[in-house]
Amino acid sequence: MILKRCHIENFGTLSGFDCEFTPGLTVLLRENGFGKSTLAAFIKAMFYGLQKDGNSLEKNERKRFEPWQGGKFGGFLEFSANGTDYRVTRFFGKTAAKDSFSLWNLTKGSPSTDFSEQLGESLFHLDAKSFARSTYLSQFSDSGPAATTSIQAKLTDLVEDTSDLLNFDTAMKALKDARKKLGVSQKAGSLVPNTREELLALEMELADTQSRIPELDEICRRIDEENAAAARESQALSQIRDQIHQAAQFEKQALAYQQEQVRRQKVSDTKSDISALDARHPQGYPPLKEIELQKQHTLLLDRAAAHLHSLSRPENAEIAETGRQRFPNPEQTSRELEEAQRKCTLLETLTAQQGAQWLPQEADQLEALNRRFPNGAPGKEERAQLARNLRQLQDLQIQMDAAVLSADDRLELDTLETRFSRGLPTEADLTACEQNREALRALRQKAESCRLPQEEEASYEALRRTFASGVPSEEDIQAQRQSCRRIAQLEGRKSTKTTQVEKPPLKKAPILIGILLALAGAALFLFRLPVPGAVLLAAASISLILGLLPGTQSPRTVTTSAITQEENQELYDRKSALEDFLLRFYQDAQEPDTKLDWLLRDRDQYLRLREQQARYSGQQEALQKEILEKGQRLRAFYAAYFPGRPYDPGFVSALRQQAQALTQLRLRQGNLLARRKELEAQAAALRHQAKEFLSRYGQTGTDLAEAAAALDRDSARWEQLKEKQAAVRSAAAEIQAQAQPLEEALQALLEAYNCFTPGVPYAEQLSSLRRQLDSFRQADTALRQYEDAVAKDRQTVEAAQKNLQRFASAWGPGTLSQLEADTRARLQLEQALVEHTQDLETFLNQNPHTECPASDLPDQDTLNRQEAQLRAQSDETGKTLSSLREKRNRLQHQVDRIPALQDQMAALEESGKDALEKYSLLTGTMDLLETARENLATGYVGTVKTKFLTYADTLLQGQLDGILLDKELTLHVDAQGEPREVAAFSAGTADSLMLCMRLALVDALFPGEKPCLILDDPFVNLDDDHTKKALEILKEISKGRQVIYLVCNSSRTV
Amino acid sequence: MKLIHCADLHLDSPMGTHMDAAQASKRNTEIIHSFLRLAEYARENAVRAVLIAGDLFDGERVTRRTVEEILDAIVKTPEVDYLYIPGNHDGAARALSDRALPPNFIRFPKQWKTVTYGDIAVSGIEMCRENAESLYGTLPQPEGATHIVMLHGQVGTASGEDLVNLPLLQNRGIAYLALGHLHSFCVNRLDSSGVYAYCGCLEGRGFDECGPKGFVLLEAENGKVTPTFVPFACRELHRVDVDITGLQKNAQIFQAMQEAAKGISREHMVEFLLQGHTSLDTDISVDYLQNLIGDRFFFTKVKNLTTLALDPKDYENDISLKGEFIRLVMSSDRSEEEKARLLRLGLLALAGEELSL
């Protein structure tokens, strides 16, 4: 595989970069920072795309090589493989999904499908990481393990047949994942399934439950015992209850015997009672109905006697007896009274008519009016004239009231009189004020235009802040520019480094001491003192070794800068001065050249604006003074008319209007005063005329209208009364003719009953007569009722006494109640005798053979007590049983869980066993796979080691004592008797070792095919001698494969 | 006269099939209900007595609910007597403690007891350490009756707590020796006039109890007892060997399993034992096959007992990781079955395929 050409559109620092590669050695000599590593990364990216092992910039190539310039991210690479030329083009997006890939067959000039996007894997059978490790050799040594699984696969040459070694990591991960899922963990050196805790908990629960079994068994045993006891008690209870039953039978028989005797006694007793009663009544017993009738007679007799005793003669019996002579026919008297009453009413009506026509107060009123109007009242015409005069007077008064200014006008007049108390302003004063105001406006406009435009003012403000610390001179800025160029020059020199080799110096003092000690030792030997001589010689040896040892060490490569110490100091000073200078004006000192350009431009602009601003400021000052003067004059004029009020610029027109309004108001007020005087004269004449008329008829009040109304009223009343007096006098004679016969008839009736009294009104006398008639009627009725009641009671008493006498003669002596009681007792005894006889017969029928029994059983109480004791005992046993059963049930409930617990445990044990078996299987598989991989590794370590020694022999020329290489390709080099890591050696030696290692690795990896080798200045740490040898090796290698050598120093070019 | 001889119900015993909790619970209920069905069968077929020759319960595991169900079934069939001798698993003496035992439930004590039905006499004894030797000397000899004897133990020529000494029972006038202890039905001649029989368990519980299970129906007539085995289990357990030699894919193996289980009711329980030789290319996943066959029967279990047909010489020169791995496994001293599992697992992992454990 040969790289031919590449074009980098944008990739990290590289942009628009093209490069041709030769089939052998391609040397790219470029300065530091050119992007050699980026180029190598680009070549890898063309084959493998961009890799991402993490989010950091170091591990995420997409971030790391994002174009600095922006633009399209990627490019193309042309290469030859298997005799065909290809061009692979890749462009990268923000994510892998947005990457593009295309492959063209340049030989055919058409798109190719020979390889997929996994171009690198297909061509080199290596993953991206392995490719980088094997074919790309960077500037910085990496002595860590070099063998990724992919390299191992390649080394064992197995890739063409199987991919199993490539899948080793995947397989191990799958096995580990499967093992993790099993839920088995390592505890105290042994494997236990995660269900172990649950199992232990169940075991404990089961053990706890099983520990209840003995208690349960014991309780069951006790229950059985108690059951037996309960059975025994039950049997005893049954026996005692039988005895109780027998005793109850005995008691029943005894009771029946007693009951029979009682019944017989009752029959006998009843018969005796009947005989005794009959002996007291030899005439027998009256029927109860007859007794009841006699009892009613006795009752009637008692009631009538009591009623008769309670009757008394009425109190008004006298009235009745007298009235019977005065009113022999009360009905007729009543009719006569009604007729007399009618006549009396008619007479009263006539009298009332006569009295109602002319009242006494009317006569008094007429007499009083006649005294006021001796010549008669004023006529209607005179009164009408008075009313017209009064209305005219009222009209005049209204007109006088209207002849004044309105309240608003009066208020305005007062206000204006106050404002212009010092006199009205002249028109000349007002015109002068208006001119002043116009002049002021013009001055302000002029002052407004005297300033910088808004944008320039903003720029001026910004620049003023920039140059707050002072405006630099143009010479200062030019001087800083020169300094800036000098700094760039010095920095360029500083970045150029020179390399020189230094040999370590010998240590003279130990050598000198060693020689002296050796001489002293030799002298002691000469004097036959071998022991001290040997000691001194040994010390001399040590001292010499210490002195000579540094000389045996490898020369040291020293890298130095091309700048002198003084220049370095100058560089520092200049950078500091420049930074200080720029920071006076700007926030940072980056890009000083640009900043100095800005400073020159800003300085010019600032100076121009500052001059302009000063000019405007002078003009502004003069204008403001004039504005102030004119304003003060206007304000003084305003304050004279509007004291204490805020200044109103438009006050002149208002002042003019107010002066005109005051003049008009004064004129209107004068006119109204003249009119008012005229009306007052007319009103005084009319008032005098009316007063004189009214006083003539006795009306002297001040209120003319009221006096006129009173006069009018009195005059009308006088006329009315005069007319009525004439009419009454003509009607009185006619009424007197009708009343005369009525009075005569009434007097005749009253005299007939001896009750006429002259002078007393007829109605009153008739009413008295009627009351006398009514009293007579009431007394007469009461007297008649009393007489009837006495006669009736006397008849009742006589009849009852006769009946009682007849009953007593028929049934013998004795009270009625005693007789009734005996009769009823006799009947009840007869009834009781029948019942007792029947009860005895019934009882005898039911208990035919009653006799007094005899028994040897204890009495029933004793038996009941025994039964109660036994029952209590049985209850106690029942309680014990109940308690035991409760305990048993509780325990049984727990013990019943045993099957479920055992089943759960069995299931857990089974699953745990299964998990352990599977764990063991997976672990065994992993161990075997690991062992298999290690076995394979030993196959390629030898090849790499051989190749390494070949290169190391050329490059290091036998400096190596021996090497150790493990399956991870970690290199250890023997030095001073111990294997040491590569990092323990100097940088140059380490780089040499790693170069040899990489070359050996590439040889082992690709024994047949020849992929390119990209070297990114790997010899930077080698001394001249080793660099020379390395370059020779490089030339040799490039004969067989393409080598791209990136270098920054011409001293290390081929 | 009809009698039933049953034993070894082992009510509430654990399931030996690794069923899940729900299935085990259902199965236990089925076993209890089998006894209830048996009681109903006895009533309907005019069986005079049911002889329970031990191990009605299963040690300490008996629950109150089970005891209540059993006694309830006995109460509901008063026309049938239940003659019960406790077996070596009927350890939970409290199972029947404080119970109002129905009169038709007759428990035989540790001394001989005989129950007579016309000319049939049934004798039984609960065997224990104390009477293990002596019980043969005190065996009842009912005059003129057909004698049936109930015992629980393993038949042999020695005496013991759960050992039935057959020679000592020969020529003792026993027409039928009703035994319990072994879980499969078998009947053999005791002597010239009698036989002994194990009725087996009523329902199988593990795949070591495959085949038909039930009870023995005894017809006693004219001094002769005729035993007939009556399969009665509601489910049977089957162990099916499936030779998958030459089969490469799970689908083919599944087909073979279906063929092998043809004729087995869906209600039964089946254990498939995959036998024969497989190669490294054989795609065999026990979990997958278990899932495929799982819903075909009440309960299934698949076991892979195959061995790998692999010649180590074929991989002598294979320098691949796979070759090295195979060589390592084959040269190890592991069992053939374990080697097969290791190889299959390792190769599946290397091939990036799903791991089947």
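**Chain B: one helix face and one open sheet**

Helix H3 (250–260), strand E16 (269–275) and strand E18 (299–304) of chain B are among the elements that cover the buried residues of H4(B), where contact means heavy atoms within 4.5 Å and buried means under 20% relative accessible area with a 1.4 Å probe, protein chains only. This is a predicted model, in which local features need pLDDT of at least 70 and side-chain atom pairs count only at pLDDT 80 or more, while totals for chains, interfaces and linings use all residues. Residues are numbered from 1 along each chain as its sequence is written, and side-chain values use heavy atoms, with hydrogens and water left out.

Helix H4
- In helix H4 (residues 286–294) of chain B, the buried residues are B:Val286, B:Leu289 and B:Ile293.
- Seen down the axis of H4(B), these buried residues fall within an arc of 65°, so they line one face of the helix; the arc is taken from the directions from the helix axis to the C-beta atoms.

Open sheet
- Six strands of chain B, in the order E4-E3-E2-E1-E13-E14, form an open sheet with mixed pairing, where two strands pair if DSSP finds at least two bridges between them.
- Strand E4 (105–107) and strand E14 (224–231) of chain B are the edge strands, each pairing on one side only.
- Strand E2 (residues 47–52) and strand E3 (residues 81–84) of chain B run parallel and are joined by four bridges, with B:Leu51 standing opposite B:Leu83.

Whole chain
- Chain B has six helices and 19 strands, which are DSSP runs (helices H or I, at least four residues; strands E, at least two).
- Of its 357 residues, 56% count as buried.

Conventions. Chains are lettered from A and ligands numbered from 1 in the order in which they are written. Buried means under 20% relative accessible area, exposed over 50%, partly exposed in between (1.4 Å probe, protein chains only).
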